[in-house]
Amino acid sequence: YQIVRIEEAGQPTGTPAAEATPEAGGAAIGELYAGALDESESGSDYYFVYDMNGDGIQELIVGTEFAETAFIYSDIRVYTCEKQAAGYVLKPISGEVTTLGLCIAEDGNGLFTQDISRGTGAIDIYRITIQDGALVRGDSEQEYTLGDAGYQECGNANPTVEWLELSDRSALAAIG
C-alpha cells in the first residue's frame, strides 16, 4: 500500500489535503535486504522472506546449507527492518539456529524445524521465533514417528520453505 493523500476527519471528500511525500534518506526494505545478501560469505547460502513475528514487516531469513550424516541442515540467521524517522534501517536479529526441514508455522507464529532420530524414526517439531530481538528455538511442541499419519498431516498444514538462490532477488522486489 502507498499513502497518496492524508485528510482530516470531517473534511469533505475531494478536497485536496497534504500530499504524502517519501521520507528523505529512507531506504526501502528490499534494498536493505539486498545489501545484506550482497555481504553473504558462503556460496551455499539461500534465502526467503517471511513475517516471522506478525509485525507487518517481512524478515529476511538466510540459510547456509551443510551436510551432516544423511541430512542436509541450514544454519539460519535473520534480519528485520526497523522504522525510524528517516525511513527503515536494517536490524540483524541476534543468534543463529540450525534447522532441518524448515516450515512456515500454519498459525503464523514463527517457523517450525524438526529433529529426526535415525535409530528410531522419532521426530520432534520445534518452533523458531523472534523474542526480545533474538532468534529462539523453543522446546519440542509436537512428536511423531517418521511416516505416520500425524507427521504427514503436520507436513500438509505447515508448508515447507521455498529457498531462493542469492542471485534471485524477485522476493525482495515484491516487498519494496
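**Exercise 1.** Work out whether Asp-38 is buried or exposed, then find its salt-bridge partner.

*Solution.* Start with the accessibility: Asp-38 comes out at 57% relative accessibility, so it counts as exposed (buried is under 20% relative accessible area, exposed over 50%, partly exposed in between, with a 1.4 Å probe and protein chains only). Keep in mind that this is a predicted model, where local features need pLDDT of at least 70, side-chain atom pairs count only at pLDDT 80 or more, and totals for chains, interfaces and linings use all residues. Residues are numbered from 1 along each chain as its sequence is written, and side-chain values use heavy atoms, with hydrogens and water left out.

Next, the partner: Asp-38 forms a salt bridge with Arg-169, with 2.9 Å between the closest N and O atoms (a side-chain nitrogen of Lys or Arg within 4 Å of a carboxyl oxygen of Asp or Glu). Arg-169 is partly exposed, at 27% relative accessible area.

**Exercise 2.** Find which residues are linked with Arg-127 in a network of salt bridges.

*Solution.* First take the pair Arg-127 and Glu-141, whose side chains meet in a salt bridge at 2.8 Å, N to O. Arg-127 sits in strand β8 and Glu-141 in strand β9, so the bridge ties together parts 14 residues apart in sequence (strands are DSSP runs of E, at least two residues, numbered from the N terminus). Now check accessibility: Arg-127 is buried at 12%, while Glu-141 is partly exposed at 41%. Finally, add Asp-107, and you've got the network: Asp-107, Arg-127 and Glu-141.

Conventions:
Helices (H or I, at least four residues) and strands (E, at least two) are DSSP runs, numbered from the N terminus.
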